[in-house]
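Colleague: I'm new to this, so could you walk me through the model on screen? Let's begin with whatever sits around the ligand.

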Amino acid sequence: MSQSILLLVPPGWGGIWQQPLAAGGMTVHAHGVEPYDPADIEYAVSFRPPPGLLRTLPNLKAVFSLGAGVDGFLLDPYFPKDKPLIRFVDETLSREMAQFAVLHVLMQHRTVHFFAAAQAESKWRQRILPRRTEDTRVGILGLGEIGTVCAMRLRDLGFAVTGWSRSRKAVTGVKSFAGLSELDAFLGQCDFLICVLPLTDDTRHILNAATFAKLPQGAYVINIARGGHVNEPDLIAALDCGHLSGATLDVFETEPLPDGNPIWKHPKIMATPHIAAITSPLAAARAIVNGIAAIERGEAPDNVVDMARGY
Ligand code: NDP
Ligand code: OXD
């Protein structure tokens, strides 16, 4: 039987998501593109739905996120919290997030900028690494689906890797710090800090002047989670005073990053447009079709968000 899905994505993005869902046997209505009867809708699929809209669907059974993060849903004060919200968890997504983290750690660790500048001057400038790999401490904030893969890849490259999460983890070769009481000890030993937390009331602006001050002098910050984790003026101040050596930001408080925002031209920031990893429409459709099939059989789907925790 064909289930009726409402697709809520920005204008122009409908096609790439609609086609694989329709191929999976779903009847797909694209919000803003064609009229639909709200009473027909059983499932909604989105990344950041218009606030209040999901509440207007009287026969909604569940909501599927096209992303791993669900802050775009839970920021809506009218989100129907009595319906299951299912997030996207995918091996390829985790692997590509880890690639991005590894890429940006290695670019700094191997001082790519130094050699690029030397080449620009046609200079043969050899030098040894400023810090040995095993002495380079990489801390992952958020040791969940994605953070764990980042930790394992960096560990396999020989870095000294630690992680911080709400509950204690057992990842071979990765020291686990847990809970707020261990946050300062964790921060104090991060030459690189990689944020892969979900954005919740507890983690908003977790990266601020006070937390930057607890990082070792010269630490490098990589945020691939959500812009709301970083207090951006505090980050710029910590870079400008020389306490932090640099930052890679893939996500921002306001996206797209507005024209004129100082982050664009900051010499110590590498900014990318929320592309650390992008959900594959085919993989998302497969997960949604499987999740709907489970619900229709009366079973619980995988990856249901815990509304009390917010992730
Ligand atoms: P998970 O839910 O699997 O992992 C979240 C981790 O954060 C868990 O280890 C959890 O601890 C920890 N955590 C959450 N809240 C706290 C807290 N208050 N204190 C300490 N630890 C906490 O999420 P994913 O790994 O799947 O995704 C992480 C985030 O990555 C997403 O929410 C999304 O924002 C971002 N993302 C960004 C992308 C991009 O392109 N830039 C692409 C994909 C995701 P515990 O395990 O103990 O519960
Ligand atoms: C996600 C994202 O949460 O793309 O998956 O940011």
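Colleague: Okay, which class of residue, nonpolar, polar or charged, has 15 members in the shell around ligand 1?

Modeller: Keep in mind that this is a predicted model. Sorting the shell by class gives seven polar and eight charged residues. The class with 15 members is nonpolar.

Colleague: And how many residues surround ligand 1 altogether?

Modeller: To count here, a residue needs a heavy atom within 4 Å of the ligand. Among the closest are Arg87, Lys169 and Tyr311. The full count around ligand 1 is 30 residues.

Colleague: How much of ligand 1 does the protein bury?

Modeller: Start with a few polar contacts. A polar side-chain atom of Arg87 sits 2.8 Å from an oxygen atom of ligand 1, and a backbone N or O atom of Arg166 is 2.9 Å from a nitrogen atom of the ligand. For Ala277, a backbone N or O atom lies 3.0 Å from a ligand oxygen atom. On its own, ligand 1 would expose 940 Å², and the share of that buried by the protein is 93%.

Colleague: Which strand supplies at least two residues of that shell?

Modeller: The protein has nine helices and twelve strands to pick from. Helix 3 (91-109) and helix 5 (145-156) each give at least two shell residues. The strand that does so too is strand 7 (160-165).

Colleague: What is the radius of gyration of the protein?

Modeller: A compact globule of 311 residues would come out near 19 Å. The protein's value agrees with that, so you can read it against the globule rule: 21 Å.

Conventions:
Residues are numbered from 1 along each chain as its sequence is written. Chains are lettered from A and ligands numbered from 1 in the order in which they are written. This is a predicted model: local features need pLDDT of at least 70, side-chain atom pairs count only at pLDDT 80 or more; totals for chains, interfaces and linings use all residues. Side-chain values use heavy atoms; hydrogens and water are left out. A polar contact is a pair of N or O atoms within 3.5 Å; within protein, one must be able to donate a hydrogen and the other to accept it, and residues adjacent in sequence count only if both atoms are side-chain atoms. Accessible areas come from the Shrake-Rupley method with a 1.4 Å probe; for residues, only the protein chains shown count as cover. Helices (H or I, at least four residues) and strands (E, at least two) are DSSP runs, numbered from the N terminus. Ala, Val, Leu, Ile, Met, Phe, Trp, Tyr, Cys and Pro count as nonpolar, Asp, Glu, Lys and Arg as charged, and the others, Gly among them, as polar. The radius of gyration is taken over C-alpha atoms; the globule rule is 2.2 Å times the number of residues to the power 0.38.
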